[in-house]
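Please open the model in a viewer and keep the selection tool ready. The tour below proceeds stop by stop, stating what to select and what is found there.

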Amino acid sequence: MISQYRVQLQTLILVIFVVHPSRPVCVDVPSETEAVLGKPMRLTCISCMKREEVKAKTRVDWYYMPKEADKNITSERTHIYRYEDSNPVDLEGPFQGRLKWNGSQDLQDVSILIQNVSYNDSGLYECTVLREFEFGFFTPSFSKTKNIMLNVKEKATDDTTAIYSEIMMYVLLVFLTFWLLVEMVYCYRKISKSDEQAQDTATNYLAIPSEQKDNPAAPVTE
């Protein structure tokens, strides 16, 4: 019984303090659509791979369409950024010198960063991801397109939903930390109590005369 409690406590400590190296989980999240004038803005584009062990050649293209030309996207679309063979290319145009690669090493996150946002940056951004998988002589391809409508404002507006979500996240973290501490104290007390009972049993056994140990049915002599 004592060893069981010790194993439980050791397992709990390992879960808390030992970080097992693992691959990050890919989650497709929407991009922010409101930028602040003069501030950097991250355009988020996620393209998760279901099987990361499969090798793939990835190419990412970013396009921009002015806000006034939404009804004529084909003629107004401008190629502003390209990423291929680990080589980011900031193409000529109104964004040259202000775009920065902000994606992940495994190319599941292919986001870019716009520096020093201006009012002219408002419009529709198109993120296109093309993957060519390597299966020997067979090379299937996969394409994904994501559109982001960006609005530039002079000042940031307060998002009450985000504020409440952040508060709830911190409350949950505090609660989980407190619960883990309570569990550790409970396990520690269980082990201590078991050790005390074992020591008392051993002490009582040693206090019994040797004659009674050999003959448990014999009467106790005082």
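**The nonpolar core**

In this predicted model, begin with the largest nonpolar core, which has 24 residues. Select Leu43, Trp62, Ile80, Trp101, Ile114 and Tyr125, the residues with the most contacts inside this core. Next, colour the elements that give two or more residues to the core: strand 2 (41-43), strand 3 (56-66), strand 4 (78-84), strand 6 (99-101), strand 7 (112-114), strand 8 (123-133) and strand 9 (141-153). In soluble globular proteins, nonpolar side chains tend to be buried together.

Now select tryptophan 101 alone. Which residues does tryptophan 101 touch, not counting those up to four places away in sequence? They are Val60, Tyr81, Tyr83, Pro88, Leu107, Asp109, Val110, Ser111 and Ile112.

**The whole chain**

Return to the full view and follow the chain from the N terminus: its elements run α-β-β-β-α-β-β-β-β-β-β-α-α, with four helices and nine strands in total. Of the 222 residues in the chain, 26% are buried.

**A buried threonine**

Select threonine 44, in the loop between strand 2 and strand 3. Is threonine 44 buried or exposed? Its relative accessible area is 9%, and therefore it counts as buried. Beyond its neighbours within four places in sequence, threonine 44 is in contact with Val29, Ser31, Ser111, Lys146 and Ile148.

**Salt bridges**

The whole structure contains eight salt bridges. Select aspartate 109 and arginine 42, whose closest N and O atoms are 2.6 Å apart in one such bridge. Aspartate 109 lies in the loop between strand 6 and strand 7 and arginine 42 in strand 2, so this pair ties together parts that are 67 residues apart in sequence. Aspartate 109 is buried, at 16% relative accessible area, whereas arginine 42 is partly exposed, at 27%.

Move to arginine 98 and aspartate 121, whose side chains form a salt bridge with an N to O distance of 2.9 Å. Arginine 98 is in the loop between strand 5 (87-90) and strand 6, and aspartate 121 is in the loop between strand 7 and strand 8; the pair therefore ties together parts 23 residues apart in sequence. Arginine 98 counts as buried at 17% relative accessibility, and aspartate 121 counts as buried at 2%. Then select Asp28, Lys144 and Lys146, which are joined into one network by salt bridges that share partners.

**A nonpolar surface patch**

Finally, select Ile163, Tyr164, Ile167 and Val171, which make a nonpolar surface patch of about 410 Å². Isoleucine 163 belongs to helix 3 (residues 160-207) and is partly exposed, with a relative accessible area of 41%.

Methods: Residues are numbered from 1 along each chain as its sequence is written. This is a predicted model: local features need pLDDT of at least 70, side-chain atom pairs count only at pLDDT 80 or more; totals for chains, interfaces and linings use all residues. Side-chain values use heavy atoms; hydrogens and water are left out. Patches are made of residues with over 30% relative accessible area and no salt bridge: like charges are joined within 9 Å, nonpolar side chains (Val, Leu, Ile, Met, Phe, Trp, Tyr) within 5 Å. Accessible areas come from the Shrake-Rupley method with a 1.4 Å probe; for residues, only the protein chains shown count as cover. A salt bridge is a side-chain nitrogen of Lys or Arg within 4 Å of a carboxyl oxygen of Asp or Glu. Buried means under 20% relative accessible area, exposed over 50%, partly exposed in between (1.4 Å probe, protein chains only). A nonpolar core is a set of buried Ala, Val, Leu, Ile, Met, Phe, Trp, Tyr and Cys residues joined through side-chain atoms within 4.5 Å. Contact means heavy atoms within 4.5 Å.
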